[in-house]
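Reader: I am a first-year student, and I should be grateful for a close look at one part of this structure. Please take a single residue, describe its surroundings, and then relate it to the chain as a whole.

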Amino acid sequence: MIAAWALIVGGLVRIVGEVLEILAGGHTALSSGIAGGALVLVMIGFAGLWPEARNSRLARLAIIMIGLGALGFASIAAWSVSHGTLPVHVVSRMPVFIGVAAITLVGALALAGWLISSAFYPAWIGIVMSVSIAMSLVSSFVAFPALVQPLIDLVMALTFIQLGLCMRERRGIGNRL
C-alpha cells in the first residue's frame, strides 16, 4: 500500500532532515528541503487512512486538516529556501505560518481523538503524535534550546513510521515470501 510506505519513508526522510539540522546547528536549506519533502510523503500517507475514516467525522476532519497543514508547511519550507532559508523566528511570525500552525493543531487534536477511540490503531500513537506535533508547533514560537525542536520532530517522525507499519500490518501487506 502506497500510503503505508509514504508514512514510513516520510518518517525516515524526516529523521534524516532532523539529524542534518542537529549536525549543522540549525536550519539549513538542505534540512528545510528534506523536511518539506517528508511532509508531502506524510500527507500522502494520511490520505491513506481515509478508508478507516469514512465513518468518522472526527477522523475525516483530522485527515483533511493534517493534509492541509503538511502541504502548507511544505510550501512554507520551499518558500523559505527560495529566500535563502529564513530563520525560524522570522518565518514563525508570518500570518500564513500561524494559520497553517492552527490548521495543523486542530488536525492533530482531531487525529488524537480518533486514534484514541479507534479500534483500528493503537491509542498511544495518537497521543504521542499529537503531543509531538503540538510541541513542535510551540517550539516555533518559544525560544527552546537549539536541540529541542529537532528532538521533538524526531519523535514525531517515529510516530509516522509506526503508524505506517501499523497500517501495513492491519491491511495484511506485511512481509511476503
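Reader: The residue I have in mind is Ser-139; which residues is Ser-139 in contact with, leaving aside its neighbours within four places in sequence?

Author: Contact here means heavy atoms within 4.5 Å. The model is a predicted one. With neighbours within four places in sequence left aside, Ser-139 is in contact with Phe-144, Gln-149 and Ile-152. Ser-139 itself belongs to helix H7, which runs over residues 123-141. Buried means under 20% relative accessible area. Ser-139 has a relative accessibility of 8%, and therefore counts as buried. Its side chain also has a partner within the helix numbering given above: the backbone oxygen of Ser-136 is reached at 2.8 Å.

A second serine offers a useful companion to this description. Ser-92 is placed in the loop between helix H5 (88-91) and helix H6 (95-117). Because its relative accessibility is 1%, Ser-92 counts as buried. The side chain of Ser-92 and that of Arg-93 are joined by a polar contact of 3.1 Å. If neighbours within four places in sequence are left aside, Ser-92 is in contact with Phe-97, Ile-98, Ser-140 and Phe-141.

After helix H7, the chain passes through a loop to helix H8 (148-170), and Leu-147 is found in that loop. Leu-147 has 43% relative accessibility and so counts as partly exposed. From Leu-147 to Arg-171 there are 24 residues in sequence, and their C-alpha atoms are 37 Å apart in space.

Helix H8 also holds Ala-157. With a relative accessibility of 0%, Ala-157 counts as buried. When residues up to four places away in sequence are not counted, Ala-157 touches Gly-11, Arg-14 and Ile-15. Between Ala-157 and Glu-18 the separation is 139 residues in sequence but 9.3 Å in space, C-alpha to C-alpha.

Helix H1 (residues 2-24) contains Ala-3. Ala-3 counts as buried because its relative accessibility is 6%. Leaving aside neighbours within four places in sequence, the contacts of Ala-3 are with Ile-44, Gly-45, Gly-48 and Met-167. One of these partners, Gly-45, is 42 residues away along the chain, and the two C-alpha atoms are separated by 4.0 Å.

These residues may now be set within the whole chain. The protein chain has 8 helices and 0 strands, and its pattern along the sequence reads α-α-α-α-α-α-α-α. Its radius of gyration is 16 Å, close to the 16 Å given by the globule rule for 177 residues, so the chain is as compact as a globular protein of that length. The C-alpha trace spans about 45 × 35 × 25 Å along its principal axes.

Of the 177 residues, 47% are buried. Where contacts join residues at least 6 apart in sequence, 74% of them link residues at least 24 apart. The chain exposes about 8500 Å², of which carbon and sulfur atoms supply 74%. Its side chains include 9 positive and 5 negative ones, and 13 Å lies between the centres of the two sets.

To return to your residue: Ser-139 lies in helix H7, counts as buried, and has Phe-144, Gln-149 and Ile-152 among its contacts.

Note on methods. Residues are numbered from 1 along each chain as its sequence is written. This is a predicted model: local features need pLDDT of at least 70, side-chain atom pairs count only at pLDDT 80 or more; totals for chains, interfaces and linings use all residues. Side-chain values use heavy atoms; hydrogens and water are left out. Helices (H or I, at least four residues) and strands (E, at least two) are DSSP runs, numbered from the N terminus. Buried means under 20% relative accessible area, exposed over 50%, partly exposed in between (1.4 Å probe, protein chains only). A polar contact is a pair of N or O atoms within 3.5 Å; within protein, one must be able to donate a hydrogen and the other to accept it, and residues adjacent in sequence count only if both atoms are side-chain atoms. The radius of gyration is taken over C-alpha atoms; the globule rule is 2.2 Å times the number of residues to the power 0.38. Accessible areas come from the Shrake-Rupley method with a 1.4 Å probe; for residues, only the protein chains shown count as cover. Lys and Arg count as positive and Asp and Glu as negative; His and the chain ends are not counted. The place of a charge is taken as NZ of Lys, CZ of Arg, CG of Asp or CD of Glu.
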